[in-house]
Number of protein chains: 2
Amino acid sequence: MQAWKGLLEEYREWLPVTERTPHLTLCEGNTPLIYSNQLSDRVRANVYLKYEGLNPTGSFKDRGMVLAVAKALEEGSQAVICASTGNTSASASAYAARSGIPSLIVIPHGYVALGKLAQALIYGARVLAIRGNFDQALQFVRESAEHLPVTVVNSVNPYRLDGQQTGAFEVCDALGESPDRLCIPVGNAGNISAYWKGFKAYHEKNVTSFLPKMCGFEAEGAAALVRGQAISNPETFATAIRIGNPASAHLAMAAVHESGGCIDSVTDDEIREAYRLIAAEGIFAEPASAASVAGLLKLYQKGDIRRDETIVCILTGNGLKDPDSAVETAAIEPLVIDASLEHVTAALEHML
Amino acid sequence: MQAWKGLLEEYREWLPVTERTPHLTLCEGNTPLIYSNQLSDRVRANVYLKYEGLNPTGSFKDRGMVLAVAKALEEGSQAVICASTGNTSASASAYAARSGIPSLIVIPHGYVALGKLAQALIYGARVLAIRGNFDQALQFVRESAEHLPVTVVNSVNPYRLDGQQTGAFEVCDALGESPDRLCIPVGNAGNISAYWKGFKAYHEKNVTSFLPKMCGFEAEGAAALVRGQAISNPETFATAIRIGNPASAHLAMAAVHESGGCIDSVTDDEIREAYRLIAAEGIFAEPASAASVAGLLKLYQKGDIRRDETIVCILTGNGLKDPDSAVETAAIEPLVIDASLEHVTAALEHML
C-alpha cells in the first residue's frame, strides 16, 4: 500500500489548493473507521466510529488547520494567530512549527491551567494572556490582525471548514458510498457544517449516490442550537464542546434541515456513559467525542434508527488530552494484596 | 485510496496468522513517515521520522499486542495478563476490551500514580497491586499464569516481536526500499530486535535489496547494553526506556553486530534537546522517543553519517502520554498584559 501523503495532496482537486500553495503536511487525515460490534448490536444497525484522535495533534482540527496555515503561507503571512486554550491552539502551533513561522496564542489570563497548553507550548507557541475574558481575547485577535502581517486561524478563517470536508471524503472512500446517517458532536458547529459540505461535494460529482442524514448533538448545558439562543455560561463535562454561541450556527442548522437530520442535546451522564462504552471497545476518545455516540443511543431509544442502516459516529479527539476524566470515570481503585504467589494467583482467579 | 485494514490483514503473509486467528484490529499501524527538513539539513542526509504515537493507544506496542491478543484468543485464553505501568498495559487493555475478554494488570503497590494508568483503567483493566517491587510483579504474573487460563502478554510473549516487525515493513513500503540506517530508542531492547527481524524478512524475499545499519540508543542512566551489565537502579527523564535489565539484550546485540550498526547511549540533556527539536517541527513525541534523534545527532557529530544517506528515526510514543514533560521542557510563562487593543497589538508585534 502506498504511503499516505497528507490531505492537501490526497484531496487536492477538492480543496482550494493552487500551484503556489506549499506542500504542507504532518500526514494528517487517514484516520481509522472502526466497526463497532457492541454499538451495532445495541442499536441493530451497522455502526462505525471515525477515530479523529489519531490525527497528528490528536484532534479533527488538523484537517482544517493544515489548509489554513498553507494558505497563510501562500499569502505571505509571517505568523498565524488565534484565541484558543485547547485543540485549536495545539493544531495551529504544530503546523506553524512545521512551516517555520511563529504561532501567537491569545488567552484570558488565569482562565486555563498551563497543562492544557502543553502541546502549544512544546510546539513553540508564543502566548499572550490578557486580563479579560475569552470573547475579548478573540476580539483582540481579529482586530490586531488587521494591523499586522498575520493570519487569524480561528473559525472565522474560511479554509478551516474547507479542510474539514476531508473527514466526509474519507468516510465515503472507506465505505464505498455515503453512510445513511452521520452522528457528530456539536460545539462551535463548524465540523457538522464542513462534513455536510463534503458530503454534498462528493454527491454532486456522483462519487456517492445519496446524502446522509446529519445528526448533531450538543451537551445539554451548552445546547444553544437546540434552545435557539446563545447561552452565556455554558457548562458541561465535555469541555471541547462547552460553547454557548456557536460561530457556524446557521450553516449547521441548514445542514440538519437540508439532510432531514436532527439537532438534539445529550446530558453529561449520557456523554459519560457513552465515553465509557467507547473505551470498553478499546477506543480512548475525548469526553466531547462521546456526544455523537450518546446521541445515537438517544435516537435509538426514540425509535428513530432504521434496522441495518449504516451510521458513522465522529470521535473528534484523543482521550489522552484529558486523562483526568478517564481516571475519574473509571473510578477503580486497584486491589492491594501481599506479595505471595498463593495470594496473587487466588486474587487473579477471582478477577476472571 | 482503500481504507487500512489493520496489521493482521495487511501483513497477513508475513505473520503467524492462521485461518483460526480472529480478525482483531483497532486499525493499528499505518503510521506517518514524516520527512524532517530541519534534521535533514542539520546532518546533511535524508531523515524521516516514523511517528508511532499515532497508533491506537499512542505507542508502538500496539503492533505486537494485536497479534499477541489475537493468538491468545485463538488458543482459547480467557484473559490476558501483564505486569506493566505504562504503554504495555494500555495496549493490552485496549485489545482485550476490543476482544471482549478481561485484561489483568499487576503492579507494585505505591509505585505508580493512578494517572499513568488512566488508559488501562478506562479500557476496563482489572488492576492488582502487590506489596512488592516490579520484578516480583512480573515473576508472579509468569508463575500465576501457569495455573490459570490466561496468556501473559509481557515481552516474554513471542508474538509481540513478530507483530512489531511490521514497523520495518511499513518503513520499506513507504520508501520503496530499505533505509540506509535505522535509529531507534532502546529500553527493553525488543523493538530494535523486531525491526531487524522485519528488515531481514523483507530482504530474504527480495522486497528490498539491502539491509540497514541498526543503531540503538539507550538513556545514559539506563545503558545496560552499552555497559555490558544490568543496572539495578536505572534513572532517566525518558521513563519509557528506564529499564536496567533488557529482556531482549542478546537479540538486540545480534542485530547491531550483524547489521554493522551501533549501540550507544545519550544523556538526558541530549534527549531533552532532541525532544524539543522534534516538537519544533510539529511532532509531539514521548521523551523516550527522542533518544533516536539524540543518537542520530551524536553519530553526526562523530562524523559517522555519510552524506545523503537515508535515515529513519523511530518515535515510539505520543507526547500526550506525558504532558508534564512538555510544560517543564518548554518552560514558557505567558506574557500577561491589560486588555486594550493598543497593548495587545503592540505586544503581538513585538512577538513576531
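This tour moves from the whole of chain A to one of its sheets, then to the pair of chains and a single residue of chain B.

The model is predicted, so local features need pLDDT of at least 70 and side-chain atom pairs count only at pLDDT 80 or more, while totals for chains, interfaces and linings use all residues. Residues are numbered from 1 along each chain as its sequence is written, chains are lettered from A and ligands numbered from 1 in the order in which they are written, and side-chain values use heavy atoms, with hydrogens and water left out.

**Chain A as a whole**

Select chain A, whose C-alpha atoms fill a box of roughly 70 × 50 × 50 Å along the principal axes. Its radius of gyration is 21 Å, which agrees with the value near 20 Å for a compact globule of 352 residues; the radius is taken over C-alpha atoms, and the globule rule is 2.2 Å times the number of residues to the power 0.38. Of these 352 residues, 62% count as buried, where buried means under 20% relative accessible area, exposed over 50%, and partly exposed in between, with a 1.4 Å probe and protein chains only.

Colouring by secondary structure brings up 15 helices and 11 strands in chain A; these are DSSP runs numbered from the N terminus, with at least four residues for helices (H or I) and at least two for strands (E).

**The six-stranded sheet**

Next, select the open sheet of 6 strands in chain A, which has the order E1-E2-E10-E7-E8-E9 and mixed pairing; two strands pair if DSSP finds at least two bridges between them. The edge strands are E1 (33-35) and E9 (262-266) of chain A, each pairing on one side only.

At the E1 edge, 3 bridges join E1(A) to strand E2 (residues 46-51) of chain A, and the two run antiparallel. Pick A:Ile34 there, and its bridge partner in E2(A) is A:Leu49.

Towards E9, show helix H11 (residues 249-259) of chain A, which lies across strands E8 (213-219) and E9 of chain A and runs at about 140 degrees to E8(A). Axes are lines fitted to C-alpha atoms, for helices over the stretch in contact (heavy atoms within 4.5 Å), and angles run from 0 to 180 degrees between N-to-C directions.

**Both chains, and B:Glu204**

Now display chain B as well: a rotation of 180 degrees with 0.0 Å of shift along its axis superposes chain A on chain B, with an RMSD of 0.0 Å. The two copies are thus related as by a two-fold rotation axis, the fit being by least squares on the C-alpha atoms of residues with pLDDT of at least 70 in both.

Finally, select B:Glu204 in helix H9 (residues 190-204) of chain B, which counts as exposed because its relative accessibility is 63%. B:Ala339 lies 135 residues away from B:Glu204 in sequence and 66 Å away in space, C-alpha to C-alpha.
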